[in-house]
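Let's take a walk through a protein model together. Keep the 3D view open and click on each spot as it comes up.

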Amino acid sequence: MNKPLRRVAIFCGLLIMALMVRVNWVQFVQAEDLKNHEGNRRVAIERYAHPRGNIIVEGKSITGSAETSGSDFAYKRTYKNGPMWAPITGRASQAYGGTQLEEIYDTILTGNDDRLFFNRTIDMLTGKPREGGNVVTTLNNAAQQAAFKGLEGKKGAVAALDPQTGAILALASTPSYDPSKVAGNSKDDEKNWVELNKDDDDPTLNRALRQTYAPGSTFKVVTAAAALESGKYDVDKKTGIESPLKLPQSSTMLGNDKINPLCDKATLRRAMELSCNATFAGISDDVGNKGMIEQADKFGFNEEVFTPVRGVASVYPEDNRPQNAMAGIGQASNRATPLQMAMVTAAIANDGKLMKPYMVDRLEGPRSTVEQFQPEEIGEAVSAPNAKKLQDMMESVVERGTGSTARIDGVKVGGKTGTAQRGEENKDNPYAWFISYAKDDNGSPVAVAVVVEDSEAARGDISGGGLAAPIAVDVMKAILDGKR
Amino acid sequence: MSFNLGNTTISSGGPPSRRNTELALLVFAVLVPVFAYANVGLAMDGTIPAGMLGYGLGLGLLAGVTHLVVRKFAPYADPLMLPIATLLNGLGLVLIWRLDQEPALKPYNAAPTQLMWSALGVALFVGVLVFLKDHRILQRYTYISMAVALVLLTLPVFFPPVNGARIWVTIPGVGSLQPGEFAKIVITVFFAGYLMVKRDALALASRRFMGLYLPRGRDLGPILAIWLLSLMILVVETDLGTSLLFFGMFVVMLYVATERTSWIIFGLLLSTAGAVFVASVNTHVGDRVNNWLNPLELQNGGVTETAQAMYSFGSGGLLGSGLGQGFSRLIGGIATKSDYILATVGEELGLAGLMAIILLYGLLVERGIRTALAARDPFGKLLAVGLSGAFAIQIFVVAGGVTGLIPLTGMTMPFLAQGGSSVIANWALVAILLRISDTARRPAPAPAHNPDVEMTQVVKP
């Protein structure tokens, strides 16, 4: 009987061996996947087990943590002035997950990042509770206040950059929401969440980064850049383009209602001051679709941008001749985010050099800086002499043209208005755009793009100069006042 | 002092009894759970738990009593089995107490009850060793055992099902019992006795067909009867595990008794056919199989217990979160302390701890089979291999089910899991194995003085 007994012994050994292999498979090979699986509540429990690190603006935190009870989460995220900062912070919600900075730097904020390993070890050895790291932003409190206040009651967005570094100074979007109200996992949070998602105005949408608009006349600075770069045009040289202009392959006449005589064969500067449609459509047609795409790409179109919060790609697509001509005045299939138009303005204000927009200055561990971010150059959008010429023209717009509402005493301001028409037969309210920069002896400290999407104001009143420019002025002033 | 008491029974020329080895191992088997207990308290509240002294004394007392009884009544028994059983039982108590600290988990405050059941189990262990002087006595009760086993197996049919499985006998005011655990031992006794008598008929009267020895039709009777019985258990009581356990154990014992490989092939074919048939007919078993194939799938929008157990294992990783610091409470339900206790082991002690536990079980099984090899009588061999085989299959079915190797069944991890019937029955099982091993390893009595032999020697030259 001993031979079968030995075989049974081997069989039982194999059973045990099979279990060993299985547990190694589950706890070693599959461990990472299971540990971070979406259904695994430990991920959320761990995330809220300690007070989260904070997001910092100018040395003050715009977030906080509050102890909670009644669930397996020990702490809950709180926000100071949540609606204003929501486009930066995003949310860290126990029930509805994280977005934007909260999500991107989750491991830093929770203290779980690999780079905080020594901190964790020291905390563990000394018995101190786990501490999260901080995310220090580049934002400017006063500029953000000005932007958010300016947009109050309207639907729109503001993006402001430091042209010389690419640092984001303000990023506002309205209507906004308070992430504090959906940060927990209580019944109230659920109610707020349902309401947020029912809202037609989509308050959780970050319009400054994620919504593309027809850029309207503000796009004319890009067209002007293409014109100068082509070498065929100059600031004070007559363009020779008639107004009104018969669009190519079409019988449509394009012009400006009352000022066609002024725009007819005007110089580039004059056309910019008056925002002549015919001139820029003509230039766009002359430069061609390929050339226009090339110039738009140099300003950052057709590519997503990571600030590190993702900004959607603004588009300047391949298109037929009449559409391309219309795109030259921002009224065709080209679309831009407010951040993109701020980048265009910033590149011009920075003598042609386009800097990568970024909103995080550094990541701080509880004891030391984990990572310091440096400004990065994307490339040369236009040559320095041409950038100077564009500045010259944009400053003329404010001094003598449609952008007169943007004047600030004692500072050079360059800008461009825009009113993008929408809907069939233009029946929807247009988008009011304004892009501008301020400049002093040390170069330009701020470039800003403002879009007001929808307004209760009567149609006639809507124009970039009337609605959007005052907001841009307030944002620029906030930055300039801070410099003094 | 007990050292000397034990040693005096050994004749100087005989094999070592290994009782002192057992005692040394037992010290560790008590200390490890005591430290684990302290570990849980320190991790959860930062203090040594108040009950630690009582707990340590309780476990130490149980271990001491078992050791003394073995020293006195089974001095040549295997030295490894008792420490392993004690260690597993002790760790089980710690794990249950640790899960008691999670207020949401039922049954509430299970550890003291489990300690009481363990004491009862040890009492039964002592009883078996004291009163069962020789395991061959059990052979007399072959057919009585069969009757008792049948009664134990059919009893739960008359009680309401718990969680979809009819394996419980509920006695109001006293509690619930799982007769299947006891039936496991009793039916092994029946199989061993029956096969010992019938093994020659089963082994020799067979026809050769395609290189296999096929049994005669009339000899197929018993195996088909057992197969039908296990299918009945499966269908009526919807208990996949017990069914697999009995059938597997019977096939193993049949193979050992007859030395015919054909029985194994028959067994595998029959069990596969039965399992497929039942899985396709019975929705409960079908659900389990579906759960096994898609462990992480949501059901009714919620995370299943199976998925939660998998998350526990995954989150434990290599070294585990440490006792008291895991979240195996998320498994919820009523089985966290019993069927799913291995998930807590996996999460809090990690892969390392889980492998150690599985190895302990493996060692216990192999010591049991070693006992079967050493046993001198066929009944003892069959009984030992039956009990060890049943133990091995149970480990495989439970651990395999919880870790997702095979579909989950409603059985508990011997010694580790919360549940009175299981711990009592398994202490009895270990006692019987120790008894067989004591008989097997006992030195043959010195031959009586025989004048004839001496005479012959004198004459020879």
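## A threonine tucked inside chain A

Start at A:T137, a buried residue with a relative accessible area of 6%. You'll find A:T137 in strand 7 of chain A, which covers residues 134-137. Keep in mind as you look around that this is a predicted model.

What does the side chain of A:T137 reach? One of its polar atoms lies 2.8 Å from the backbone oxygen of A:I56. The same threonine side chain also gets to the backbone nitrogen of A:L139, at 3.4 Å. Leaving out neighbours within four places in sequence, A:T137 is in contact with A:I55, A:I56 and A:V57, with A:I88 and A:L101, and with A:M359, A:V360 and A:D361.

## Odd spots in the backbone of chain A

Some backbone angles are worth a stop, because most residues other than glycine have a negative phi and most peptide bonds are trans. In chain A, the bond from A:S243 to A:P244 is cis, with omega near -5 degrees. A:P244 sits in the loop between helix 11 (220-230) and strand 10 (245-246). Another cis bond runs from A:T307 to A:P308, with omega near 5 degrees. For A:P308, look in the loop between strand 12 (305-306) and strand 13 (310-311) of chain A.

Then there's A:S275, which isn't a glycine but has a positive phi, near 60 degrees. It belongs to the loop that lies between helix 13 (268-274) and helix 14 (277-298) of chain A. Is A:S275 buried or exposed? Its relative accessible area is 9%, so A:S275 counts as buried, the cut-off being under 20%.

## Where the chains meet

Now zoom out to the place where chain A touches chain B. Here, 32 residues of chain A are in contact with 49 residues of chain B. The two chains bury about 3,600 Å² between them, and carbon and sulfur atoms give 75% of that area. On the chain A side, A:M1, A:Q27 and A:R42 supply 23% of the area buried against chain B, more than any other three residues.

A:R42 has another role in this picture: it forms a salt bridge with B:E347, and their closest N and O atoms are 2.8 Å apart. That is one of two salt bridges found across the interface. There are also 13 residue pairs in polar contact between chain A and chain B. Which helices of chain A supply at least two residues each to the side that touches chain B? They are helix 1 (2-29), helix 2 (31-35) and helix 3 (41-47). Helix 1 gives the largest share, with 20 residues. Sorted by class, the touching side of chain A has 17 nonpolar, eight polar and seven charged residues.

## Chain B and its helices

Over in chain B, you can count 16 helices and four strands. Of its 461 residues, 54% count as buried. Among the contacts in chain B with a separation of 6 or more, 74% are between residues 24 or more positions apart.

Two helices make good landmarks. Helix 2 (residues 19-44) has 26 residues and spans 38 Å from first C-alpha to last, close to the 38 Å expected. After it comes B:G46, with a positive phi near 80 degrees. Helix 14 (residues 378-402) has 25 residues and reaches 36 Å, close to the 36 Å expected. In helix 14 of chain B, 24 of the 25 residues are buried, so this helix is largely enclosed by the rest of the structure. Just after helix 14, B:G404 takes a positive phi of about 85 degrees.

## Two loop residues in chain B

B:R18 is found in the loop between helix 1 (2-7) and helix 2 of chain B. Its phi is near 70 degrees, a positive value in a residue other than glycine. At 43% relative accessibility, B:R18 counts as partly exposed.

B:D78 is in another loop, between helix 3 (52-73) and helix 4 (81-100) of chain B. This aspartate is buried, at 2% relative accessibility. A polar atom of the B:D78 side chain lies 2.8 Å from the backbone nitrogen of B:L80. Setting aside residues up to four places away in sequence, B:D78 touches B:R19, B:E22, B:R367, B:L434, B:S437 and B:R441.

Terms used. Residues numbered from 1 in each chain as written. Chains lettered and ligands numbered in written order. Heavy atoms only, no water. Contact = heavy atoms within 4.5 Å. Buried area = accessible area lost by both parts, 1.4 Å probe. Salt bridge = Lys/Arg side-chain N within 4 Å of Asp/Glu carboxyl O. Polar contact = N/O pair within 3.5 Å; in protein donor to acceptor, adjacent residues only side chain to side chain. Nonpolar A, V, L, I, M, F, W, Y, C, P; charged D, E, K, R; others polar. Expected span 1.5 Å × (residues − 1). Buried < 20%, exposed > 50% of the residue type's maximum accessible area, 1.4 Å probe, protein only.
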